[in-house]
Amino acid sequence: MKRIAVIGGGASGLVAAIAAAEGGCSVTVFEKADRVGRKIPATGNGRCNLSNLSLKCDPIMDEAYHGSARGLFLPVFSGFDLDRTLDFFQSIGIPVRAEGDRLYPYNLQAASVIDALRDRVERDPRIEVRLDQEVLAMKRSGSRWQIQTSAEKSSFDAVILAAGGKAAPQLGTDGSGPALAKKMGLHVTSLSPALVKLQLDSPYCKRLSGLRMDAAVRVLDGEKCIRACTDEIIFTDDGISGSAIFMISQAATTFLAQNKQPLLELDLFPEMETEELYALIRGILDHVSWKPILDALNGTLHKKLIPVLLKETDIGKDQSASSIKDGEIRTMVQFLKHWKLKVTGHGGFKNAQVTAGGIDGAEIGTDLQMKRFPGLYAAGEVIDIDGDCGGFNLQWAWSSGYTAGRNAAKQKG
Ligand SMILES: Cc1cc2nc3c(=O)[nH]c(=O)nc-3n(C[C@H](O)[C@H](O)[C@H](O)COP(=O)(O)OP(=O)(O)OC[C@H]3O[C@@H](n4cnc5c(N)ncnc54)[C@H](O)[C@@H]3O)c2cc1C
């Protein structure tokens, strides 16, 4: 029976092992932690956003993935698409529900997803999981692959590298996957944190910390918008986080890596045109004209934002609503729809959900085999492809794991 080694027992590695076993192989999963799938319980804020309904519609796919290997998404996904993914989860006892486009396990418990995957793997006599075994090196020897772990040396017909990237090292991924690939002589593009919070040069962060709201966020290069997203933002002690920030973070971190100063522009009223917002504020101030402006705006803006707005527009907080002139309202509207903030840094790999960068797409065939190293496959985040927030990264992990597992099993010895 053909023997396959899977390096890493995370999202992609477990699906790769199942697919290779279903393809008739004997599979050994090497996992350096004391249990498999440590990251999964932390995903989707403990709810595991495991895929996204928009993947049913082709055009979105190109936009949702980034990196030199993004062209691999379509061929890989077509072999294990959304319907097959949902059938697979159903088959291991995980029905799925949608919240908007985001897909979650029906009980909204990420822990159930890893429990079900672990159970599926443990019940399969063709799969053996070796825990606490970090793979230190792999090399080709004749037609076979030698794997050197912290505890043993063994040989296999094919290897699937599914050791993740560098994001969230506290959950087991410290970059050893890309490092193993590099050691083999594969080209690995530079790694940077993606889906990560941003640090801002603003005196207001601490004051606004904890404030959540929907906003349109744009990353500006001079006057040009290079990435935009409308979704939730959350102010933190030293910057800004939330889904919208995660979505645009890769553009900002790439800028920072080039020693450039990215600028964020926030539109805090994305649902309104400028004139509508002007009319709203004008109307409110007319209705409660006797109130100080600080109180007058209470029902329109979050309480924490009002002093910031007044400071930034040079309006005294004790001024009465009736004294506010049209020009001042226009200045307020300009601020609320075009608040510009300087990005000074990011939360680093420790706070990132994914890694941008990894094994260069040019090294990999659509079967996920390395073009220069027959019998060596890769899956998941170790490859230079990162998805937007919303279940796209786990979908890549499931689809690429399946593709690598199936093709490794099919490959002729
Ligand atoms: C906090 C957080 C929340 C997230 N939420 C979501 C979400 O809701 N939806 C979504 O789509 N994505 C989410 N992601 C991203 C998603 O979890 C990852 O993209 C996905 O898990 C990557 O799968 P993977 O198999 O490539 O790597 P991982 O799941 O990271 O697994 C890699 C495994 O390899 C092991 N390993 C590493 N090096 C070695 C070695 N040398 N030898 C042996 N074993 C090794 C690691 O211990 C780990 O178990 C989130 C990530 C984080 C950190």
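How are helices α4 and α14 oriented to each other? Let's find out by looking at this predicted model.

**Two crossing helices**

Helix α4 covers residues 82-91 and helix α14 covers residues 392-410; their axes come within 11 Å and cross at roughly 90°. Angles of 65 to 115 degrees count as roughly perpendicular. The two helices, α4 and α14, are therefore roughly perpendicular to each other. On the α4 side, the residues making the contact are Leu82, Arg84, Thr85 and Phe89, while α14 brings Gln395, Trp398 and Tyr402. Sorted by class, this contact of α4 with α14 has 4 nonpolar, 2 polar and 1 charged residues.

**Two domains**

Now step back to the whole chain. It is divided into domain 1, made of 3-192 + 355-410, and domain 2, which is 197-346. Taken over C-alpha atoms, the centres of domain 1 and domain 2 are separated by 39 Å. Where they touch, 7 residues of domain 1 are in contact with 7 residues of domain 2.

**Spaces in the structure**

Next, have a look at the empty spaces. How many cavities of 30 Å³ or more does a search of the whole structure find? The search finds 1. Here is the largest cavity beside the second largest pocket:

| Space | Volume | Classes of lining residues |
|---|---|---|
| Largest cavity | about 40 Å³ | 4 nonpolar, 4 polar, 3 charged |
| Second largest pocket | about 270 Å³ | 8 nonpolar, 3 polar, 5 charged |

Start with the cavity. Residues lining the largest cavity include His66, Ala194, Leu195, Arg227, Met247 and Asp388. Two elements, α8 and β22 (386-387), give two or more residues to this lining. Of these, α8 provides the largest share of the largest cavity's lining, with 4 residues. Both domains take part: the lining of the largest cavity draws at least three residues from each of domain 1 and domain 2.

Turn now to the pocket. The second largest pocket has 16 lining residues, and Cys229, Met247, Asp388, Cys389 and Phe392 lie nearest its centre. Which element gives the most to the lining of the second largest pocket? That is β15, with 5 residues. At least two residues each are supplied by α2 (58-64), β15 (224-235) and α8 (243-257). Domain 1 and domain 2 each give at least three residues to the lining of the second largest pocket.

Finally, try finding Met247 and Asp388 in the structure. Both residues line the largest cavity, and both are among the residues nearest the centre of the second largest pocket.

Notes: Residues numbered from 1 in each chain as written. Predicted model: local features only at pLDDT ≥ 70, side-chain atom pairs only at ≥ 80, totals over all residues. Heavy atoms only, no water. 1 Å grid on protein atoms, 1.4 Å probe; cavity = no way out; pocket = protein on both sides within 12 Å on 5 of 7 lines; lining within 4 Å. Points joined across faces, edges and corners; volume = space filled by probe spheres on them. Nonpolar A, V, L, I, M, F, W, Y, C, P; charged D, E, K, R; others polar. Domains from an automatic or database assignment. Axes fitted to C-alpha atoms, helices over the stretch in contact; angles between N-to-C directions. Parallel < 35°, antiparallel > 145°, perpendicular 65-115°, else oblique. Contact = heavy atoms within 4.5 Å.
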